[in-house]
Amino acid sequence: MAQEGQRILNAGRHASRLVDEHRQGLAGAVRVAGTPIFMDGVISNVIAEFQAEYPNIRIDQSYGYPTELLSQLSAETLDLAILPMRPADVSDEYEFRQILPGRNVIACRVGHPLARKKEVKLEDITEFSWIAPPANSPLFRDLRNTLDGIGMRDLKISFTGGSLSAVVNVLTGSDSLTVLPFSVVYMMQKQKTLTALPIKIGDPDRHLGCVTLSARSMPASSNRVLEFIKQKFEMLDRLICNAG
């Protein structure tokens, strides 16, 4: 009887500890989604750092674009969306917290002929083919607007890919060019695979932000993830500004 009583006591203590951890945001599961390029290029690194600090919080990550992910937030099948959006396009149903200003660059592999030039002119890029994101992605519209803005009408697309790994593999193995968020290229520069050409292009009027459902009170674990992401992106923003 004493042994059985001790087991019951231990089980009760364990259950009480789990409840306390959930209340404090030290345990639980958080559903996070965003566009493929940002999730793979930037957010995944932040998630890795988060889980090293909070190993008892499970992150369920998925991909999607604004229309789809906003619907999932409304249906409460998603806790947090990380999306490049125009704040004016976000309805009162959602709360948008900007974490990084929008900035795009023309990216290529390290060692690309244009990357070795001291000065790169707009006409230089017309000689090369381009990698395009999926046609339904915001980044594809950025690519089209960028090239239209510099007067490049005849776009030769050599590859279309939705995942960052596919884009990087083609970029590093060819002389193709593409348009990517500077934050993604900045992170990839650490691996000495990609670089940005010194050509000024128009920045998108969208900014990367965390989107949540306004009327929903998020669990403590979701709030902990949100605050961690905001903190890390404040640091990343300063590093990117210093990098030019």
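These legends describe close-up views of a predicted model.

**View 1. Overview of the protein chain.**
The chain has 244 residues, 45% of them buried. Seven helices and 10 strands make up its secondary structure. Of the contacts with a separation of 6 or more, 79% join residues 24 or more positions apart. The accessible surface is about 12,600 Å². Carbon and sulfur atoms hold 50% of that surface. Nine salt bridges turn up in a search of the whole structure.

**View 2. The five-stranded sheet, in the order β2-β1-β3-β10-β4.**
This sheet is open, and its pairing is mixed. β2 (57-63) and β4 (94-100) are the edge strands. Each has a single partner strand, so one side of each has no neighbour in the sheet. From one strand to the next, the twist averages 25°. Strands of a sheet pair through backbone hydrogen bonds, either parallel or antiparallel. For β4 and β10 (residues 207-213), the pairing is antiparallel and runs over six bridges. One position to look for is Phe96, whose bridge partner in β10 is Val211.

**View 3. Helices α2 and α3 on the five-stranded sheet.**
Helix α2 packs on the sheet and touches β1, β2, β3 and β10. The direction of α2 makes about 175° with that of β2. Angles over 145 degrees count as roughly antiparallel, so α2 and β2 fall in that class. Helix α3 also packs on this sheet. The strands touched by α3 are β1, β2, β3, β4 and β10. Between the directions of α3 and β3 the angle is about 150°.

**View 4. The salt bridge between Arg31 and Asp79.**
The two side chains meet at 2.9 Å, N to O. Arg31 belongs to strand β1 (residues 28-34). Asp79 sits in the loop between α3 (66-74) and β3 (80-85). The pair links distant parts of the chain, 48 residues apart. Which partner is buried? Asp79 is, at 5% relative accessibility. Arg31 is partly exposed, with a relative accessible area of 27%. Buried means under 20%, so Arg31 falls outside that class.

**View 5. The salt bridge between Lys232 and Glu49.**
Here the N to O distance is 2.9 Å. Lys232 lies in helix α7 (residues 220-243), and Glu49 lies in helix α2 (residues 36-53). The pair therefore ties together parts that are 183 residues apart in sequence. Lys232 is partly exposed at 21% relative accessibility. Glu49 is partly exposed as well, with a relative accessible area of 39%.

**View 6. A salt-bridge network of Arg86, Asp89 and Asp205.**
Side chains of opposite charge can pair when their charged atoms come close. Arg86 forms a salt bridge with Asp89. The closest N and O atoms of Arg86 and Asp89 are 3.6 Å apart. Asp205 is also part of the network. Arg86 is partly exposed, with a relative accessible area of 34%.

**View 7. The three-stranded sheet, in the order β8-β5-β9.**
The sheet is open and its pairing is antiparallel. At the edges stand β8 (178-181) and β9 (194-196), each paired on one side only. Neighbouring strands are turned by 50° against each other on average, direction ignored. Strand β5 (residues 104-109) pairs with β8 over four bridges, in the antiparallel sense. Ala107 stands opposite Thr178 in β8. Helix α4 (residues 138-149) packs on the sheet and touches β5 and β8. The direction of α4 makes about 125° with that of β8. Helix α5 (residues 164-172) lies across β5, β8 and β9. Relative to β5, α5 runs at about 55°.

**View 8. Helix α6 and its packing with α7.**
How many residues of α6 (residues 182-189) are buried? Seven of its eight residues are, and the helix is mostly covered. Among the buried residues are Phe182, Tyr186 and Met187. Two packed helices are described by the angle between their axes and the distance between the axes. For α6 and α7, the angle is about 85° and the axes are 11 Å apart. The two helices are therefore roughly perpendicular to each other. From α6, the contact involves Phe182, Ser183, Tyr186 and Met187. These residues meet Leu236, Leu239, Ile240 and Ala243 in α7.

Key: Residues numbered from 1 in each chain as written. Predicted model: local features only at pLDDT ≥ 70, side-chain atom pairs only at ≥ 80, totals over all residues. Heavy atoms only, no water. Buried < 20%, exposed > 50% of the residue type's maximum accessible area, 1.4 Å probe, protein only. Contact = heavy atoms within 4.5 Å. Areas by Shrake-Rupley, 256 points an atom, 1.4 Å probe, with all protein chains shown as cover. Salt bridge = Lys/Arg side-chain N within 4 Å of Asp/Glu carboxyl O. Pairing = 2+ DSSP bridges. Axes fitted to C-alpha atoms, helices over the stretch in contact; angles between N-to-C directions. Parallel < 35°, antiparallel > 145°, perpendicular 65-115°, else oblique.
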